[in-house]
Amino acid sequence: MKKAAVISLTIPEIPGKSGGEIRDIYLFGYLARHYQTDYFSIHNYFGQGEPDRDFIKLFAHVYEPCMINEQYHAMVDENVRLSAAEKLRYRLSLHGRYLPGQKLPAELLGFRNEFNRYIRRFFEHCARRKKYDYVFISPQVNPAIIEDLALPDQTKVIWAMYDVEKVRHKRLLETKKTRVDRWFYRFEAAAACRFEKAAAAKSDGIIVVSDLDRRRFAKYYNRSDCEVLSVENGVDVDYFYAMQAGTDYKIVFVGNMGYASNAQAVRYFVKKVFPLIVKKYPQTHFYAVGANASQELKSLETDHVTVTGMVSDVRDYLKMAHIVCVPLLAGSGTKYKVLEAMACEKPVVTTSIGAEGLMVSDGKNIVIADTAQEMADNVIRLFEHPNRCLEIGKKAREFILANHDWNAVLPKIDAWVENLCCH
């Protein structure tokens, strides 16, 4: 049996509170069933929920910084710390202010610092001793650690992507409202693009979430078809089961609110779209469901708007949803929030960005609307035509069963990674 290692951000929770975490659970769980695999977590487990112990049991060994520090302390590099300039960059980034000259995007500084301090030496020791055939870099980590690794020649580094950073940051830049905000953000976007290009060049293979992103990597970074594999985001179609159609004017959005594009989508919906809907249906209620909601988002709450924060089970809110709205204005990749709602037979109203990378049919199994007025009008029409809600929901689940069941999309990895070893 071949040997593999996975480097990720943390140990996933049940059932996964973000898109990157969900993808980790299924993608790396599949790998662990097929290879003798070690799992390296950049952070100690810090979640508020229950760690996925069934996931953990799949791996030969699971290593966290605290465990490495206690049992292999000689391999911890105590000298690795953020410089004063890096600390300043990071603090400013929390307020949307970025500085020129940065080597890394500010959002990756902490990942790289933790990895280099607690894990890098021990990981490289394991790679030399165990002779891993593959090292998979999680989409949650992005490429924050690839450039620092020294690995045996036979080890293939595979970067599992969730977004194309070049696309994501370009879109976030376009949404900045003031000239000052755009000026500051250009430095972060440029750093992200430079680093993604360097990381792509150092990877032996790249796994992306859609054929669209596969073509983007080929175009932007000159990677051949055999080096980039599209593994579509999938859904556990038993966990996200077909639910009864909602009828009481509840609109739901599900996502990790710590992700800038999700927070932006909630603000846009509450300020631009929702007032148009409430004017016609004043009994409508909107739920923004997900962890890491900022005080700014919480301040949007009214008698008709609820910002839940982290919930134990998002299905409770999907179950009550009359309509699921995903009003994304930025981001890239394919969206779990869309796939999961469709799997639950809920009619989804989203933007072109929300539907990007999915082979969906507007008006048949999803509704696409790119302006506030269009989105509000489509929601209102669905309220007024419950049979159409039901029809779109049923077609949505049929689409998921045919195209995005994890059991169907994951096996394509096997032949691809074997082919990488031949190059």
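## Two parallel sheets and their helices

In strand β9, His285 is the bridge partner of Lys250, a residue of β8 that makes a good starting point. The model you are looking at is predicted, so some caution is built in: local features need pLDDT of at least 70 and side-chain atom pairs count only at pLDDT 80 or more, while totals for chains, interfaces and linings use all residues. Residues are numbered from 1 along each chain as its sequence is written, and side-chain values use heavy atoms, with hydrogens and water left out.

**The sheet around β8**

Strand β8 (250-254) belongs to an open sheet of 6 strands, in the order β10-β9-β8-β11-β12-β13, with parallel pairing. Its edges are β10 (305-309) and β13 (367-368), each of which pairs on one side only. Helices and strands here are DSSP runs numbered from the N terminus (helices are H or I with at least four residues, strands are E with at least two). Two strands pair if DSSP finds at least two bridges between them.

How much of β8 is buried? 5 of its 5 residues are, so the strand is largely enclosed by the rest of the structure. Buried means under 20% relative accessible area, exposed means over 50%, and partly exposed lies in between (1.4 Å probe, protein chains only). Lys250, Val252 and Val254 point one way from β8, whereas Ile251 and Phe253 point the other way. At the edge, Thr350 of β12 has Ile368 of β13 as its bridge partner.

Helix α9 (residues 260-280) lies across β8, β9 (285-289), β10 and β11 (323-326), and runs at about 180° to β9. Axes are lines fitted to C-alpha atoms, for helices over the stretch in contact, and angles run from 0 to 180 degrees between N-to-C directions.

**The other sheet**

A second group of 7 strands forms an open sheet in the order β3-β2-β1-β4-β5-β6-β7, again with parallel pairing. Here β3 (61-63) and β7 (228-230) stand at the edges with a single partner strand each, so one side of each is left without a neighbour in the sheet. From one strand to the next, the twist averages 20°. Helix α5 (residues 109-130) packs on this sheet and touches β1 (3-8), β2 (36-41), β3 and β4; its direction makes about 165° with that of β2.

Strand β1 has 5 of its 6 residues buried, so it is largely enclosed by the rest of the structure. On its β2 side, Lys3 stands opposite Gln36. In β4, Ile137 is the bridge partner of Ile7, and Ile137 also stands opposite Trp159 in β5.

Here are some of the strand pairs, taken from both sheets:

| Strand pair | Bridges and sense |
|---|---|
| β1 and β2 | 6 bridges, parallel |
| β8 and β9 | 5 bridges, parallel |
| β1 and β4 | 4 bridges, parallel |
| β4 and β5 | 4 bridges, parallel |
| β12 and β13 | 2 bridges, parallel |

**Helix against helix**

Back to α9: it packs with helix α13 (residues 372-384) at an angle of about 40°, their axes 9 Å apart. That makes α9 oblique to α13. The contact has 11 nonpolar, 1 polar and 3 charged residues. For these classes, Ala, Val, Leu, Ile, Met, Phe, Trp, Tyr, Cys and Pro count as nonpolar, Asp, Glu, Lys and Arg as charged, and the others, Gly among them, as polar.

Helices α12 (residues 336-343) and α14 (residues 386-403) have axes that come within 7 Å and cross at roughly 115°. They are therefore roughly perpendicular to each other. For such labels, angles under 35 degrees count as roughly parallel, over 145 as roughly antiparallel, 65 to 115 as roughly perpendicular and the rest as oblique. Leu339, Met342 and Ala343 of α12 meet Gly393, Ala396, Arg397, Phe399 and Ile400 of α14, where contact means heavy atoms within 4.5 Å. These residues divide into 6 nonpolar, 1 polar and 1 charged.

The buried residues of helix α6 (residues 165-175) include Arg168, Leu172 and Leu173. The buried residues of α6 pack against α7 (179-202), α8 (211-221) and α9.

**Two loop residues to look up**

Tyr249 sits in the loop between β7 and β8 and has a positive phi of about 60° although it is not a glycine. Its relative accessible area of 21% makes Tyr249 partly exposed. Glu345, in the loop between α12 and β12, has a positive phi near 65°. Is Glu345 buried or exposed? Glu345 is buried, with a relative accessible area of 17%.
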